[in-house]
Amino acid sequence: MTNLEKLRELVIDVFLLDPAEFRFDLTREEVDTWDSLALVSLAVGIKSTFGYHPTPAEAMSIHSVRDVIRILSEKGVRFEE
Amino acid sequence: MSFESSARKVFVLKSELPPLWTLQELGSLDPETTWVWAGPTVAARVSAQFRYAQTTPGDPLPDRVATLIVVGGGTIIDQAKLRARDSGRSIRLIAIPSIWGSGAEASPIVVLDHEGAKDIRIHSKYLPDGRAIWPELAASIPPARAREACGDCWAHALEGFLSPLAGDDLRQELSDVMRSMLALPLANDPRWFEVGARACAGQARSSVGLVHGLAHALESPLRAAQPSAGWHHAKLCSLFLYPVMQWNRTISDSWSQKLADYQLDEAAIMAVARELFNPQTYNGIVPILAEHWRSVLLNPCTRTNSTLVRPSALDYFRQTFP
């Protein structure tokens, strides 16, 4: 499984999305279940999936799936097709 | 504001234990302005202990009441919190639990049951002004109920300790609480009053997790499906502690490491969880668990579990535990 596929699966699971709803340009405003508590789940899931625990500031800055990719890319996680 | 403190803002607040009063101190208040609410199982004892006016919980309080002493379980203490804090009057509230587990006497949380739906209100104003321990009340608790209450205490302590919102200081405090709990029998023992209060005050500073997510989401459906089974919060927490902790440690390497970091005996803790577990009862409710799994996933407690609870985790909880 590629990192993009892992991220897609993680976001779908954390926010309880229908797989058809997922897009890599999905933003917080488009997802009803994207709240502060879901961010806790997301941070826990990022750690278990990619081995990196977002700092509090990084987690607070996550407003879209692209933000997750940006944060993880800065830590050396590669998101190539 | 940090990510952790932001999440706490919507879910939990910092909570310290209210000052501890003695029964003797509580017996020397002004009888003109002190009122007592007592639950039905302890009303007679309360009448014999205190000379204050005593009414049924929920009854109106005269304007002259300045102190309300409430003696009972979590539901009655929560009722008293609402009356003392939301009536627009300044009423000092002293809580005496008749059973351990809910920790209502030590937390800024009020749990209301609206036709089966849990309405959880969190505000520092709901922390009682004082609390007292009445050791003799422990003997009046039915043994099975006392055992389940011990499971509720364990769920608070363990989930609060493991919470992703817990810091080092809190983990140290809760690890001390759990070491004390390991020394106690899962039975009627008045020492549970204090450790239960400490466990609840601790989890109020971090969060709870999937055990509580399951308990909150399933209590109402289980009561409807099995009306004679006597489902209540502590019974559910006791039942789910073992499968949830087994699952947490199965999918996360850090689960065991966190316990080891604080010199907690993982085997001893899992033995307690196993002792509280009833496989026949669990296996009988799995269909209801599966039916309401999405509600479990959406529950705020589940979302602050120590490990990510994915929809596929249902497969684990569907298994038959030996």
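In this short talk I will go through the interface, the largest pocket and the largest cavity of the structure shown above.

Please keep in mind that this is a predicted model, in which local features need pLDDT of at least 70 and side-chain atom pairs count only at pLDDT 80 or more, while totals for chains, interfaces and linings use all residues. Residues are numbered from 1 along each chain as its sequence is written, chains are lettered from A and ligands numbered from 1 in the order in which they are written, and side-chain values use heavy atoms, with hydrogens and water left out.

Let me start with the interface. The size of an interface is often given as the accessible area lost when the parts come together. Here chain B and chain A bury about 1800 Å² between them, 70% of it on carbon and sulfur atoms, where buried area is the accessible area (1.4 Å probe) that two parts lose on being put together, summed over both. The contact, meaning heavy atoms within 4.5 Å, takes 21 residues from chain B and 21 residues from chain A.

What joins the two chains through charged side chains? Between chain B and chain A the count is 1 salt bridge, a term for a side-chain nitrogen of Lys or Arg within 4 Å of a carboxyl oxygen of Asp or Glu. The partners are Arg310(B) and Asp13(A), at 2.8 Å from N to O. Arg310(B) lies in the loop between α13 and α14 (314-317) of chain B, whereas Asp13(A) sits in helix α1 of chain A, so the pair joins two chains. Helices (H or I, at least four residues) and strands (E, at least two) are DSSP runs, numbered from the N terminus. Over all chains, the structure holds 14 salt bridges.

Now to the empty spaces, for which a 1 Å grid is laid over the protein atoms alone: a cavity is a set of points where a 1.4 Å probe fits but cannot get out, a pocket is an open set with protein on both sides within 12 Å along at least five of seven lines, and lining residues have an atom within 4 Å of a point. Grid points are joined across faces, edges and corners, and a volume is the space filled by probe spheres set on the points.

The largest pocket has a volume of about 1100 Å³. Of the 46 residues that line this pocket, the closest to its centre are Gly73(B), Gly74(B), Thr75(B), Ser102(B) and His233(B). The helix α4(B) gives the most to the lining, with 6 residues.

How many cavities of 30 Å³ or more does the structure hold? There is 1, and the largest cavity has a volume of about 80 Å³. Its lining includes Asp13(A), Val14(A) and Ser41(A), and also Leu297(B) and Arg303(B). From chain A, α1 (3-15) and α2 (36-50) each supply at least two residues of that lining. Asp13(A) therefore appears twice in this talk, as a partner in the salt bridge that joins two chains and among the residues lining the largest cavity.
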